[in-house]
Amino acid sequence: MAQPMRTFPEAYPQQNPHYGYDQGPPAYNPAPSAPQTQVIVNQPAPATTNTVFVTTHVKPPNYIALSIFVLLCCNCPLGIIALVFSMLSDSDYGAGDVEGARSKGKIAMGLNIAGMVTTIVAVVVVLIWYFAVFAVAVNEINNET
């Protein structure tokens, strides 16, 4: 007698009959018990408001370009000192000390002005002295002839 043909092959004894799909643990249906109630208590939290004040600081001028100009064109000693104070002003601002940066920038500006004024005064004095000596020399030449 012929056996009916099966549509799917039988599983090997060591193989899961569901062909590798894990179906999880067998279902557990506990016996029905008394209904349990869960109580959730929500207490009102105090209203808190966080206020954050953000102050933006405008970078004070450090006059570094003017210091370089005074260093190269006018007065080398005062220009070097002004350049140092300009760089100190910039580093103080980078560290967060705005007032220190502002004060060092003012010192640099004062040194730059002092360097330019002393240079202008020195040039004027030298020109006056030169022309005075030149005028005396011209008078002596005119008197001899």
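This report looks at how two helices pack together and at a small group of aromatic rings. Please keep in mind that the model is predicted.

**Two helices side by side**

Let us begin with helix α1, which covers residues 64-74, and helix α3, which covers residues 98-144. Their axes lie 10 Å apart, and the packing angle is about 25°. Angles under 35 degrees count as roughly parallel, so α1 is roughly parallel to α3. The crossing of these two helices is left-handed.

Which residues bring α1 and α3 into contact? On the α1 side they are L66, S67, F69, V70 and C74. On the α3 side, M109, N112, G115, M116 and T119 meet them. Sorted by character, the residues of this contact divide into six nonpolar and four polar, with no charged ones.

**A closer look at N112**

One residue of that contact, N112, is worth a visit of its own. N112 is found in helix α3. Is N112 buried or exposed? Its relative accessible area is 0%, and because buried means under 20%, N112 is buried. Leaving aside residues up to four places away in sequence, N112 touches Y63, L66, S67, V70 and A82. Among these neighbours, L66, S67 and V70 belong to the α1 side of the helix contact.

**A cluster of rings**

Now we can turn to the aromatic side chains. The count comes to two aromatic pairs, and they are set out here.

| Pair | Distance between ring centres | Angle between planes | Arrangement |
|---|---|---|---|
| Y130 and F131 | 5.5 Å | 70° | edge-to-face |
| Y130 and F134 | 6.3 Å | 10° | stacked |

Why is the pair of Y130 and F134 called stacked? Planes under 30 degrees apart count as stacked, and the planes of these two rings are at 10°, so the pair earns that name. For Y130 and F131, the planes are 70° apart, and the pair is edge-to-face.

How far apart in sequence are Y130 and F134? Both lie in helix α3, four residues apart, which is about one turn of the helix. Y130 is partly exposed, with a relative accessible area of 46%. F134 is also partly exposed, and its relative accessible area is 46%. Taken together, the ring pairs link Y130, F131 and F134 into a cluster.

Technical notes: Residues are numbered from 1 along each chain as its sequence is written. This is a predicted model: local features need pLDDT of at least 70, side-chain atom pairs count only at pLDDT 80 or more; totals for chains, interfaces and linings use all residues. Side-chain values use heavy atoms; hydrogens and water are left out. Axes are lines fitted to C-alpha atoms, for helices over the stretch in contact, and angles run from 0 to 180 degrees between N-to-C directions. Angles under 35 degrees count as roughly parallel, over 145 as roughly antiparallel, 65 to 115 as roughly perpendicular and the rest as oblique. A crossing is left-handed if the near helix is turned anticlockwise from the far one by less than a right angle, and right-handed if clockwise. Contact means heavy atoms within 4.5 Å. Ala, Val, Leu, Ile, Met, Phe, Trp, Tyr, Cys and Pro count as nonpolar, Asp, Glu, Lys and Arg as charged, and the others, Gly among them, as polar. Rings of Phe, Tyr and Trp (its six-membered ring) pair if their centres lie within 6.5 Å; planes under 30 degrees apart count as stacked, over 60 as edge-to-face and the rest as tilted. Buried means under 20% relative accessible area, exposed over 50%, partly exposed in between (1.4 Å probe, protein chains only).
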